[in-house]
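Visitor: I've got a model open and some time to go through it. Can you walk me round?
Guide: Sure, here it is.

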Amino acid sequence: MAFEPPQRLVRALGETERNGAADWLVKLPELVQQVVDLRELTVERVQAPGGRSSLVVLVRQADGTPAVLKLAPPWARPESERAALAHWGGFGAVQLLDGDGGEGVLLLERLHPEMSVRSLPEAKALLEAAGTLRRLWVEPPAGQVFESVAERTGRQAEAMRTSAAADAEVAPLVDAALAAREELLASAPQARLLHGTFRQSKVLAGERMPWLAVGPDPVVGECAFDLARLVRDRVEDLIASPSGASITRRRVKRLAESLELDQGRLRGWTLFRAVESGVRARRVGRPQDAELLLEFAGWL
């Protein structure tokens, strides 16, 4: 199958600083062809702009049923995604169609990729996204294979410390974010299976249910960690608004109350995740994204 990987994926892989990213991209057309032939799939088109960590191909199965073929490199943790989707069983999330898709290969229920909750007015989008997220917060499976919030944020914290040591401008925010993390982990409530990278664009319209989550990078920990990424959705609009800081504080309050979470814990994880994303964007050469995220973090 001859195709050009979406530029969004190419750029994102270029930012990963991981060995093997270029080789994986080169081998991707051959891998897609092998999977398509093995499962007797008919390719409709590559989804663009697509994701930042995987290739998404719209296909039809041998019986004509529409589906989505997703291929991801090992560092995107596709086997963890497979395990989470299998555990959710289609409740609140896209349905896994092939439980043995092969390494890095997922065959998924076809949703409507052109229609996410981000297309709704902001207040409605936040309500629908939060309702979808609530369905995913379940007990982790026995013998679970997922990272913990402490483990994932521990790696991120090390990278943040390195960046702060070389960049005095971000050091105060990094110090505040790291202090918030330590305090939160010291008193963490009951752990649940979390989506891990939840935001409005990760909730697509479906046939079985109005809205279903896609693209998890699952992790086990407290629910406030999962909700924190949703707080900063449409951050560019928040920064452009003269009342962006007060809107953000109201959003934290409203989301925490709607999902019965502690506002202080949600604010703390929102701070940590915004600073981590901003510092990482600065490190890989996305200064505009970094500026937005770090200004947002300063409001918290």
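Visitor: What span should the 18 residues of helix H5 have, and how far apart are its end C-alpha atoms?
Guide: H5 covers residues 149-166; at 1.5 Å a residue its 18 residues should span 26 Å, and the end C-alpha atoms are 26 Å apart, which agrees. The expected span is 1.5 Å times one less than the number of residues. Helices here are DSSP runs of H or I with at least four residues, strands are E runs of at least two, and both are numbered from the N terminus.

Visitor: Before we go on, what are the ground rules?
Guide: This is a predicted model, so local features need pLDDT of at least 70 and side-chain atom pairs count only at pLDDT 80 or more, while totals for chains, interfaces and linings use all residues. Residues are numbered from 1 along each chain as its sequence is written, and side-chain values use heavy atoms, with hydrogens and water left out.

Visitor: Back to H5, then. Which of its residues are buried?
Guide: Val149, Arg152, Thr153, Ala157, Met160, Ser163 and Ala164 are the buried ones. Seen down the helix axis, they fall within an arc of 135°, so they line one face of H5. That arc is taken from the directions from the axis to the C-beta atoms. Buried means under 20% relative accessible area, exposed over 50%, and partly exposed in between, with a 1.4 Å probe and protein chains only.

Visitor: And which exposed residues sit on the face turned away from the buried side?
Guide: Thr162, Ala165 and Ala166.

Visitor: What do the buried residues of H5 pack against?
Guide: Their partners are the helices H6 (171-186), H7 (223-231) and H10 (263-283), along with the strands S6 (147-148), S7 (192-194) and S10 (219-221). Contact here means heavy atoms within 4.5 Å.

Visitor: How are strands S6, S7 and S10 ordered in their sheet?
Guide: The order is S6-S10-S7, in an open sheet with mixed pairing. S6 and S7 are the edge strands, each pairing on one side only. S7 and S10 run antiparallel and are joined by three bridges, and Leu193 stands opposite Val220 in S10. Two strands count as paired if DSSP finds at least two bridges between them.

Visitor: Where does H7 lie?
Guide: Across S7 and S10, running at about 25° to S7. Axes are lines fitted to C-alpha atoms, for helices over the stretch in contact, and angles run from 0 to 180 degrees between N-to-C directions.

Visitor: I just clicked on Gly154. What does it touch?
Guide: Gly154 is in helix H5 and contacts Val149 and Arg181, leaving aside neighbours within four places in sequence. Its relative accessible area is 21%, so Gly154 counts as partly exposed.

Visitor: New topic: strand S4. How many of its residues are buried?
Guide: Five of the five, residues 105-109, so S4 is largely enclosed by the rest of the structure. Strand S3 (residues 66-71) pairs with S4 in the antiparallel sense over five bridges, and Lys70 has Leu106 in S4 as its bridge partner.

Visitor: What about Ala93, buried or exposed?
Guide: Buried, at 1% relative accessible area. Ala93 is in the loop between helix H3 (78-88) and S4. Not counting residues up to four places away in sequence, its contacts include Leu85, Trp88 and Leu136.

Visitor: Now charges. How many salt bridges are there in the whole structure?
Guide: A search finds 23, each being a side-chain nitrogen of Lys or Arg within 4 Å of a carboxyl oxygen of Asp or Glu. Side chains of opposite charge can pair when their charged atoms come close.

Visitor: Which residue does Asp217 pair with?
Guide: Arg77, with the closest N and O atoms 2.6 Å apart. The pair links distant parts of the chain, 140 residues apart: Asp217 is in the loop between strand S9 (211-213) and S10, and Arg77 in the loop between S3 and H3. Asp217 is buried at 16%, whereas Arg77 is partly exposed at 25%.

Visitor: Which residues share a salt-bridge network with those two?
Guide: Arg77 and Asp217 are linked in a network with Glu147, Arg152 and Arg155. Within that group, Glu147 and Arg152 form a salt bridge at 2.9 Å between the closest N and O atoms, and both are buried.

Visitor: And what does Glu169 meet in a salt bridge?
Guide: Arg282, at 2.9 Å from N to O. Glu169 is in the loop between H5 and H6 and Arg282 in helix H10, 113 residues apart. Glu169 is exposed at 63%, while Arg282 is partly exposed at 32%.
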